[in-house]
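Biologist: Please take one part of this chain and look at it closely. I would like the strand in the middle of things, with its partners and the packing around it.

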Amino acid sequence: SNNPVKNGAIINGDDVTMYGLMVEHTVEDLVQWNGERGTTFFMQSELPYDVDRTFGAKGFTGYRIGDDVTSHTAYGIGIYHFFRDHRVTVDTAISVPAALVPNFYSPLTVYLNGVGSIKHVINEFGEAAEKPHGRSSGAIAKWYCDGQLLSAEQPELPLELCPTSPA
């Protein structure tokens, strides 16, 4: 790969809040979050174009919360992919301890183009973001919202289709 960095952000401190986090094209996890009581409001990211199948085989992902973290909340985490050069399969766009899945509001993954796929939006939840049969290109978005699987083959979806909001 021609990407010069392993990770875009590694957060080890507690009580960190991110607004508009953007990370792209790293050769390992884009974000690794190890601190407690973290919050992210919107993340836009894209996995690297030019990695090979080992990227997925090694379990790299877009947004990873450390196994020992007990408190984390995130709103609108978006992981996009365009595996241009190799048929890369990533298990999940967002990897978190199971107890934290309900604290993720409107997470999504988007297939932009290329030959790879992401199997799930968050952990084992959410449908695969991959090239649809019979189409040569075009973005496909997959959301996981309140336990609902949502999908769009349109450039935009109304926000009310993913009605999660904190109480």
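Modeller: A word on confidence comes before the close look. This is a predicted model. Its mean pLDDT is 86, and 82% of the residues score at least 70. Two stretches fall below 50. One is residues 154-160, which has three contacts in the model beyond near neighbours in sequence. The other is residues 163-167, with eight such contacts.

Next, the frame. The chain holds one helix and twelve strands. Read from the N terminus, the order is β-β-β-β-α-β-β-β-β-β-β-β-β. The helix therefore comes after four strands and is followed by eight in the order given by that string. Of the 167 residues, 47% count as buried. Among contacts with a separation of 6 or more, 58% link residues 24 or more positions apart. The accessible surface comes to about 8400 Å², and carbon and sulfur atoms supply 50% of that area.

The part I choose is β6, residues 72-81. This strand is mostly covered, with seven of its ten residues buried. Its pairings can be taken in turn.

Start with β4, residues 38-46. β4 and β6 run parallel and share eight bridges. Within that pairing, Q44 has G78 of β6 as its bridge partner.

Then come β8 and β9. β8 covers residues 104-105 and joins β6 through two bridges, again in the parallel sense. Here A74 is matched with F104 of β8. β9 spans residues 108-111 and is parallel to β6, with four bridges between them. In that pairing G78 stands opposite L108. G78 thus appears in two pairings: it partners Q44, and it faces L108 of β9.

β6 also feeds the interior. The largest nonpolar core has 31 residues. β6 gives two or more residues to this core, as do β1 (9-11), β2 (17-24), β3 (31-33), β5 (63-65), β7 (89-95) and β10 (117-122). In soluble globular proteins, nonpolar side chains tend to be buried together. The residues with the most contacts inside this core are V31, Y63, I79, I94 and F104. F104 is also the β8 bridge partner of A74.

I94 shows how the core is knitted. Leaving out residues up to four places away in sequence, I94 touches T61, Y63, I77, I79, F104, P107, V121, I122 and N123. Among these, Y63, I79 and F104 are on the list of residues with the most contacts inside the core. A separate core of five residues lies apart from this one, and includes L108, V110, W143 and C145. L108 is the residue that stands opposite G78.

Several of the core strands also make up a sheet. β1-β3-β5-β7-β10 is the order of this open, five-stranded sheet, and its pairing is parallel. β1 and β10 are the edge strands, each pairing on one side only. Neighbouring strands are turned by 25 degrees against each other on average, direction ignored. At the β10 end, β7 and β10 pair in the parallel sense over four bridges. T89 has S117 of β10 as its bridge partner.

To draw it together: β6 is mostly covered. Its partners include β4, β8 and β9. It also contributes to the largest nonpolar core.

Conventions: Residues are numbered from 1 along each chain as its sequence is written. This is a predicted model: local features need pLDDT of at least 70, side-chain atom pairs count only at pLDDT 80 or more; totals for chains, interfaces and linings use all residues. Side-chain values use heavy atoms; hydrogens and water are left out. A nonpolar core is a set of buried Ala, Val, Leu, Ile, Met, Phe, Trp, Tyr and Cys residues joined through side-chain atoms within 4.5 Å. Buried means under 20% relative accessible area, exposed over 50%, partly exposed in between (1.4 Å probe, protein chains only). Contact means heavy atoms within 4.5 Å. Two strands pair if DSSP finds at least two bridges between them. Axes are lines fitted to C-alpha atoms, for helices over the stretch in contact, and angles run from 0 to 180 degrees between N-to-C directions. Accessible areas come from the Shrake-Rupley method with a 1.4 Å probe; for residues, only the protein chains shown count as cover. pLDDT is the predictor's confidence in each residue, from 0 to 100.
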